Amino acid sequence: VENNAHAPQPPASLTKIMTGYVAATELASGSISLNDEVHISIKAWRAEGSKMFIQEGTIVRLEDILRGIIIQSGNDASIALAEHIAGSEDAFADMMNQHAELLGLQNSHFLNASGLPDPQHTMSASDLAILAQAIIERFPDHYAMYSEEEFTFNDIRQPNRNTLLFRDRNVDGMKTGFTEDAGYCLVASATRDGMRLIAVVMGTDSTDARAIESQKLLTYGFRFYETYQLFENQEIVSNNQVWSGKTNSVYIGIEDEVFLTIPRGQGETLETTLIIDETLKAPIDLGQILGNITISLGDEVFYEGPVV
């Protein structure tokens with residue numbers, strides 16, 4: 001389901017999902033660690049908007065900074081992280097844009113780490129969904145922070161602003177945002193019966209509205225769709241004749257397992273079209289592409305890939 005999914009929008013604190021993604025990438029590469037000491041600058045301390053309430057001149061563990069960004073949505077923490085990783089927030093914004101390009105985010109442009117308003121600082125709902133998926137798949141330990149219901153720093157306890165964490169046991173993340181220009185925004189993700197969905201809602205007029213609209217999307221997805229295993233790993237789909245070989249035939253199959261999310265109950269009606277090269281002549285190498293397989297339902301193609 002989508003509406004205006006590719007339109008650039010002011011993302012407010014949804015920006016911090018990319019801030020966290022950059023940090024998770026740097027953690028995975030070993031260039032930073034959760035035990036790093038982050039020095040708090042005057043710029044970070046003076047940050048406007050939501051805060052984790054770090055003090056200028058102090059030192060804070062990077063793991064706490066991350067929780068201050070993800071759970072408390074601290075603009076101060078976002079600036080402190082940016083300065084720790086890249087030396088300045090401007091340089092960190094360049095890193096954010098580089099990662100956006102690598103992820104194929106075509107309607108996103110970053111000028112800061114926190115999401116403070118700027119006409120040139122934008123993201124689209126589609127880009128946010130792609131980014132959320134990348135975090136969930138590549139950095140599950142980092143994503144786990146998005147499910148934490150509260151965080152206390154400097155004796156100040158702040159609850160996670162994603163109210164769906166408290167309302168829906170299937171929801172395990174992700175992030176809220178708000179500015180006057182952006183409205184009330186929410187990226188939410190949930191799992192049920194082995195299927196994960198991501199909902200992105202931008203520009204609503206209240207905290208309740210963003211939660212309600214996100215819940216509608218997730219409920220719709222779980223009710224009317226299912227994840228269906230199309231092929232197992234190394235599954236054989238055909239046995240074809242080979243010319244000039246030591247054997248007369250070769251097994252042809254799918255290299256990796258394939259899952260599709262499709263309208264519920266239609267898995268058995270999917271149509272498979274297998275196109276193999278007309279003449280298979282030895283020698284044939286293990287893993288060599290020998291044709292193509294397409295899975296469709298009516299005019300809609302759900303999967304297309306090589307057979308080997």
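Tutor: A helix here is a DSSP run of H or I with at least four residues, numbered from the N terminus. The model is a predicted one. In it, helix 9 covers residues 207–224 and holds Tyr220 and Phe224.

Student: How do you know how far apart Tyr220 and Phe224 are along helix 9?

Tutor: Tyr220 and Phe224 lie 4 residues apart in helix 9, so about one helical turn separates them.

Student: What makes Tyr220 and Phe224 a pair, and why is the pair called tilted?

Tutor: The structure holds 6 aromatic pairs. In the pair of Tyr220 and Phe224, the ring centres are 5.1 Å apart and the planes stand at 45°. Centres must lie within 6.5 Å to count as a pair, and 5.1 Å meets that. Planes under 30 degrees apart would be stacked and planes over 60 edge-to-face; 45° fits neither, so the pair is tilted.

Student: Why are helix 4 and helix 5 called roughly perpendicular?

Tutor: Helix 4 (residues 75–86) and helix 5 (residues 89–103) pack at about 80°, and their axes are 8 Å apart. Angles of 65 to 115 degrees count as roughly perpendicular. The value of about 80° falls in that range, and helix 4 and helix 5 are therefore roughly perpendicular.

Student: Which residues of helix 4 and helix 5 meet?

Tutor: Helix 4 brings Ile79, Ala82, Glu83, Ile85 and Ala86, while helix 5 brings Glu89, Ala91, Phe92 and Met95. By class, this contact has 7 nonpolar and 2 charged residues, and no polar ones. Glu counts as charged, so the charged residues are Glu83 and Glu89.

Student: How do you know what to call the arrangement of helix 1 and helix 5?

Tutor: Helix 1 (residues 15–29) packs on helix 5 at about 85°, with axes 10 Å apart. That angle also lies within 65 to 115 degrees, and helix 1 and helix 5 are therefore roughly perpendicular. From helix 1 the contact takes Thr15, Met18, Thr19, Tyr21, Val22, Thr25 and Glu26; from helix 5 it takes Phe92, Met95, Met96, His99, Ala100 and Leu103. These divide into 8 nonpolar, 4 polar and 1 charged. The charged residue is Glu26, because Glu is in the charged class.

Student: What makes the count of cavities come to what it is?

Tutor: The count takes cavities of 30 Å³ or more and comes to 1. The largest cavity has a volume of about 30 Å³. Its lining is Ile70, Ile71, Ser73, Asn160, Arg161, Asn162, Lys175 and Thr176, of which 2 are nonpolar, 4 polar and 2 charged. Arg and Lys count as charged, so Arg161 and Lys175 are the charged ones.

Student: Why is a pocket not called a cavity?

Tutor: A 1.4 Å probe fits in a cavity but cannot get out, whereas a pocket is an open set of points. The largest pocket has a volume of about 1400 Å³. It is lined by 35 residues, with Val1, Ala129, Ile198, Ala199 and Val200 closest to its centre. Strand 7 gives the most to this lining, 9 residues. By class, the lining has 19 nonpolar, 10 polar and 6 charged residues.

Student: Which strand gives the largest share of the lining of the second largest pocket?

Tutor: Strand 10 does, with 6 residues. This second largest pocket has a volume of about 380 Å³ and 22 lining residues, with Val250, Tyr251, Leu286, Gly287 and Val308 nearest its centre.

Note on methods. Residues numbered from 1 in each chain as written. Predicted model: local features only at pLDDT ≥ 70, side-chain atom pairs only at ≥ 80, totals over all residues. Heavy atoms only, no water. 1 Å grid on protein atoms, 1.4 Å probe; cavity = no way out; pocket = protein on both sides within 12 Å on 5 of 7 lines; lining within 4 Å. Points joined across faces, edges and corners; volume = space filled by probe spheres on them. Axes fitted to C-alpha atoms, helices over the stretch in contact; angles between N-to-C directions. Helix = DSSP H or I, 4+ residues; strand = E, 2+ residues; numbered from the N terminus. Parallel < 35°, antiparallel > 145°, perpendicular 65-115°, else oblique. Contact = heavy atoms within 4.5 Å.
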